[in-house]
Each structure stands twice: as structure tokens, then as C-alpha cells.
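Biologist: I would like a close look at one part of this model, followed outward to whatever it touches. Please keep it plain, and say what each statement rests on.

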Amino acid sequence: GDRIYVRSSTGIVLNWVNSATFFYGFLLSGSSQLSTSQQYYFRATSNRTNPVQAITTGTILDYNDIIYDVPSGNYDTTNTKYIVPIAGTFQFFFQAFQLEVPSDFLRIGIFQNNNLKGMGGGYVGNCERVGVILECAVGDEIQVKGVTGNEQVYMAATYSWFEGYLLQPENNTITTTSNLTTNSLTTSTTNVSNSNISNLTI
């Protein structure tokens with residue numbers, strides 16, 4: 001029953017009437033259905049004492065405060081990076097709130113193992129949001145860093161964030177070696193038994 005809105009600071013709800021602007025969302029995991037596999041997702045913001053961070057070429061944006069990290073232990077708050085725990089296809093996003101129109105063509109990007117995979121433009125007004133889809137191996141490191149130029153970014157929690165989730169595991173098929181015991185399954189009720197699973201033919 002939760003309702004999600006996009007609205008202005010004065011409370012006006014935005015109306016989405018054309019393809020120039022849009023609002024979307026989707027379910028990553030839920031509590032009332034069979035979960036076919038472990039979910040992987042994270043979201044990090046910042047709790048810097050001074051929320052204003054100066055960004056230049058190579059500066060890692062300080063997303064140092066975990067909101068979600070499922071399963072836990074994959075997001076490194078010290079080095080502000082996500083360490084990929086399972087091979088597969090992931091989608092990553094960041095948002096960075098710039099304090100003014102850049103005078104020195106600040107570009108911010110998503111890096112995989114220090115290789116640039118996607119970046120924003122030089123003149124972005126106040127808000128930069130970039131997303132990429134990446135094929136990842138276990139142990140890959142994903143960070144948001146300055147690509148070129150310099151500017152200040154406001155890193156407060158509701159202004160700037162870094163997030164991502166697994167779209168598809170590298171191998172999501174059931175084979176003769178797959179563990180199908182009830183201990184390996186997550187369900188909303190106890191309606192699955194080992195005896196029933198043992199009768200499955202693969």
C-alpha cells in the first residue's frame with residue numbers, strides 16, 4: 001500500500017506527460033513470494049562531517065554510508081567501492097549534486113577495476129545521474145570517480161548516492177549438482193519439503 005511520489009520542495013506532485021521526463025521503478029526482492037535465488041543489491045550515500053566534497057580528476061566520491069548491502073559485506077565504506085560477490089550482469093547508478101554549473105567541465109564516471117565504463121557531461125546544471133550495465137567477475141571493484149575537470153559536489157544523503165544490483169547471475173540454471181534442499185531455498189511459508197524436492201527429475 002506504500003505510495004511513491006516525485007514532487008517539488010513545495011509539495012507539488014509532478015505529472016509525467018511526455019517522453020522527455022519519466023519516473024520508473026521495479027521490484028528487486030520481496031517478502032511474500034518464493035525467492036528463486038539470492039538477491040544482490042546495495043545503496044550508499046554519505047555522512048561526511050562537511051558534505052561538500054571537492055572533485056578533481058581521479059577523486060573517489062565519498063559514498064561512505066551504507067543504506068543497503070544485501071548480502072552484507074560487499075560494500076567497502078573505507079574505500080567507497082562495491083566489490084562484486086558473484087559473477088553476472090549488474091546495473092550500477094550514481095547521482096552527484098553539483099553546487100553550480102561547472103566552470104571547468106567536470107565529468108564524473110563509473111569505473112570497473114579503474115577502467116572508465118560510463119560518464120556524464122561537462123555542463124549538467126545541478127544534478128548528474130549516470131547508469132551502466134556491466135558484465136562482472138567475482139572481485140571486480142566498482143567506484144565513482146572524477147574523470148576530468150574540477151568542481152564541488154554536495155554529498156548529503158538525499159542529494160548524492162551510489163547504488164547497484166544484480167540483473168542476471170552468470171549461471172542461473174539448475175543442474176544435477178544444484179542444491180535443492182529446503183535449507184538452500186527462501187520461502188514465505190514452510191510449504192516446501194525435502195521429500196517433495198527429492199522427487200524432482202533434472
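**A close look at one position and its surroundings**

Modeller: Once residues up to four places away in sequence are set aside, Thr 89 touches Ile 133, Leu 134, Glu 135, Tyr 165, Leu 166, Leu 167 and Gln 168. The model is a predicted one. Thr 89 belongs to strand 6, which covers residues 88-98. Its relative accessibility is 16%, and because the cut-off for buried is under 20%, Thr 89 counts as buried.

From there we can turn to two aromatic residues. Phe 90 has a relative accessible area of 0% and is buried. Phe 92 also comes out as buried, at 0% relative accessibility. The ring centres of Phe 90 and Phe 92 lie 5.7 Å apart, with an angle of 10 degrees between the planes, so this pair is stacked. The angle falls in that class because planes under 30 degrees apart count as stacked. The count of aromatic pairs comes to 13. Ring pairs also join Phe 90 and Phe 92 to Phe 42, Tyr 63, Tyr 75, Tyr 82 and Phe 162 in a cluster.

Asp 69 leads back to this cluster. Among the contacts of Asp 69, leaving out neighbours within four places in sequence, are Phe 42, Tyr 75 and Tyr 82, and these three are cluster members. The other contacts of Asp 69 counted in this way are Tyr 41 and Asn 74. Asp 69 itself lies in strand 3, residues 65-70. With a relative accessible area of 12%, Asp 69 is buried, because that value is under 20%. The side chain of Asp 69 reaches the backbone nitrogen of Gly 73 at 3.0 Å. Computed along the sequence is one thing and through space another: Asp 69 and Tyr 40 are 29 residues apart in sequence, yet their C-alpha atoms are 7.8 Å apart.

Leu 134 offers a second way out from the starting point. Leu 134 touches Thr 89 and is also in contact with Lys 117. Beyond four places in sequence, the other contacts of Lys 117 are Ile 110, Gln 112 and Val 132. The C-alpha atoms of Lys 117 and Val 132 are 7.3 Å apart, with 15 residues of separation in sequence. Lys 117 is found in strand 8. It is partly exposed at a relative accessible area of 41%, because that value sits between the 20% and 50% limits.

Strand 8 brings in a sheet. Five strands make up an open sheet in the order 4-5-10-7-8, with antiparallel pairing. Its edge strands, each pairing on one side only, are strand 4 (75-76) and strand 8 (115-119). Strands of a sheet pair through backbone hydrogen bonds, either parallel or antiparallel. Strand 7 and strand 8 pair over 4 bridges in the antiparallel sense, and Phe 111 has Leu 116 of strand 8 as its bridge partner. These two strands form a hairpin with 2 residues between them, where Asn 113 takes a positive phi near 55 degrees.

Strand 7 (residues 107-112) also pairs with strand 10 (residues 141-148), again antiparallel, over 6 bridges. Here Gln 112 has Ile 142 of strand 10 as its bridge partner. Lys 145 lies over the face of Phe 111, at 4.6 Å from the ring centre. A similar kind of placement involves Arg 43, which lies over the face of Trp 161 at 4.6 Å from the ring centre.

Another strand pairing can be added. Strand 2 and strand 11 (residues 151-154) pair in the antiparallel sense over 4 bridges, and Ile 55 has Glu 151 of strand 11 as its bridge partner. Side chains alternate along strand 2 (residues 52-55): Gln 53 and Ile 55 face one way and are buried, while Val 52 and Ala 54 face the other way and are not.

As for the chain as a whole, it holds 1 helix and 12 strands, with the helix coming after the strands when read from the N terminus. Of its 202 residues, 34% count as buried. Among contacts with a separation of 6 or more, 68% are between residues 24 or more positions apart. The accessible surface comes to about 12200 Å², and carbon and sulfur atoms account for 49% of it.

Notes: Residues numbered from 1 in each chain as written. Predicted model: local features only at pLDDT ≥ 70, side-chain atom pairs only at ≥ 80, totals over all residues. Heavy atoms only, no water. Pairing = 2+ DSSP bridges. Buried < 20%, exposed > 50% of the residue type's maximum accessible area, 1.4 Å probe, protein only. Contact = heavy atoms within 4.5 Å. Areas by Shrake-Rupley, 256 points an atom, 1.4 Å probe, with all protein chains shown as cover. Phe/Tyr/Trp six-rings, centres within 6.5 Å; stacked < 30°, edge-to-face > 60°. Lys NZ or Arg CZ within 6 Å of the ring centre and 35° of its normal. Polar contact = N/O pair within 3.5 Å; in protein donor to acceptor, adjacent residues only side chain to side chain.
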